Amino acid sequence: MTEHQGKGIQSVDTLMDSTLDSVDVAEEAVLRVAEEIGFSEDDRHPIGMAVRECMVNAVVHGNRYNHRKKVHLAVLKGYDRITIVVGDEGDGFDFNAVPDPLAEENLLNQSGRGFLLIRAFMDDLEVRPRQPSGTEVRMVKYLVKDV
Amino acid sequence: MSIKLTIRQVGDVTVIDAAGRITLGDGASTLRDEIRDLAAKGDKKILMNLSEVSYIDSSGIGELVSGFTTVTNHGGQLKLLGLSKRVKDLLQITKLYTVFEVFDDEAAAVRSFA
C-alpha cells in the first residue's frame, strides 16, 4: 500500500489480489478513511456498500478471479470528500449495455443491481475503460456538515 | 460473521430466522440452498425473518429474489419479516418492495398466509 500526501489531499494506492478477501479488505480500508474525514456511521455504511459492489464487479466480472490479474484501488482523502477509484484488468464492458434492473422484465433477475446501488449511494460515478485493459470506476461522496 | 439460519414452524408456516451477513461468498449461497431444499420438500409458506441480519449486498438481494422465484415456481409464497431500515432502503432502491410482501410483526405475517 502506497500513501501520498499533498495539499489538502491524501491518497492510498493499493494493488489487490482478485479474491473475495480483497473485497473485505478494500471495504474496511475505505471505511477507515471515511471515518477520518468525518463521515457519520449512517454515511459510511452506503460508502462501504458501494466499494463492496465495485470490488465484487472487479474481482468476479472483471478479473474473473484470475490470480494473475490485480485490482487497483485508490482512495483519495479530501477535506470535504472521499474519492475511490477501482480498476480491474479484465476485458472491459459496455456500461450502457447493462440491463436496467428497475425495468419490469428485469425485476426478478438474480443479478445486475450493483451499479444501481453504487449510483444510489455515491454522489458522483464515472465508469470508463482502463488502459491497457479493463474497466475503471471512479466514485465520489461529499461530506455534508451540519450548520 | 457469515449467515446463520434457523428453521422453525409456526403452524403451517416455515420461518427461517437469519442472522449475520448475506453477501457474496459469505452466506448468499447458504441461503439459496436452504430455500431450495425447503421448496423441494414441499414447504409452501415460507417467512424469511431478517431482523438479525446486519448486512445485505446486491448478491444477497439477488438470493432473496432467487428464493422468491424458486418458492413461487413450486406453488408457494415467500414473505419477508423484520427488515432493518437499511434493508428497507435497499428494497426501495431496487423496486423490490413491489415484489415482496414485507411485515414488521410476525403474528401478522403468519396470519397473512392463511
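**The contact between chains A and B, the core and a helix of chain B**

In this predicted model, chain A contributes 17 residues to the contact and chain B contributes 15 residues. On the side of chain A that touches chain B, the elements giving two or more residues are H2 and helix H3 (114–121) of chain A. H2(A) supplies the largest share of this side, with five residues. Sorted by class, the side of chain A that touches chain B holds ten nonpolar, four polar and three charged residues.

Helix H2 of chain A also appears in the interior. The largest nonpolar core is made up of 60 residues, and A:Ala50, A:Met55 and B:Met48 have the most contacts inside it. To this core, helix H2 (residues 41–62) of chain A gives the most, namely ten residues. Setting aside neighbours within four places in sequence, the contacts of A:Ala50 are A:Leu117, A:Ile118, A:Phe121, A:Met122 and A:Met139.

Turning to chain B, helix H1 (residues 28–40) has 13 residues and spans 18 Å from its first C-alpha to its last, close to the 18 Å expected at 1.5 Å a residue. Its buried residues are B:Ala28, B:Leu31, B:Ile35, B:Leu38 and B:Ala39. These lie on the same side of H1(B), because they cover an arc of only 100° around the axis. B:Asp33, B:Asp37 and B:Ala40, on the other side of H1(B), are exposed. The cover over the buried residues of H1(B) includes strand S1 (4–10), strand S2 (13–22), strand S3 (45–56) and helix H2 (58–73) of chain B. After H1(B) comes B:Gly42, with a positive phi near 100°.

Methods. Residues are numbered from 1 along each chain as its sequence is written. Chains are lettered from A and ligands numbered from 1 in the order in which they are written. This is a predicted model: local features need pLDDT of at least 70, side-chain atom pairs count only at pLDDT 80 or more; totals for chains, interfaces and linings use all residues. A nonpolar core is a set of buried Ala, Val, Leu, Ile, Met, Phe, Trp, Tyr and Cys residues joined through C-beta atoms within 7 Å. A residue is buried if 20 or more other C-beta atoms lie within 10 Å of its own, exposed if 12 or fewer, and partly exposed in between; C-beta atoms are placed from the backbone. Helices (H or I, at least four residues) and strands (E, at least two) are DSSP runs, numbered from the N terminus. Two residues are in contact if their C-beta atoms, placed from the backbone, lie within 7 Å. Ala, Val, Leu, Ile, Met, Phe, Trp, Tyr, Cys and Pro count as nonpolar, Asp, Glu, Lys and Arg as charged, and the others, Gly among them, as polar. The expected span of a helix is 1.5 Å times one less than its number of residues. The arc is that of the directions from the helix axis to the C-beta atoms.
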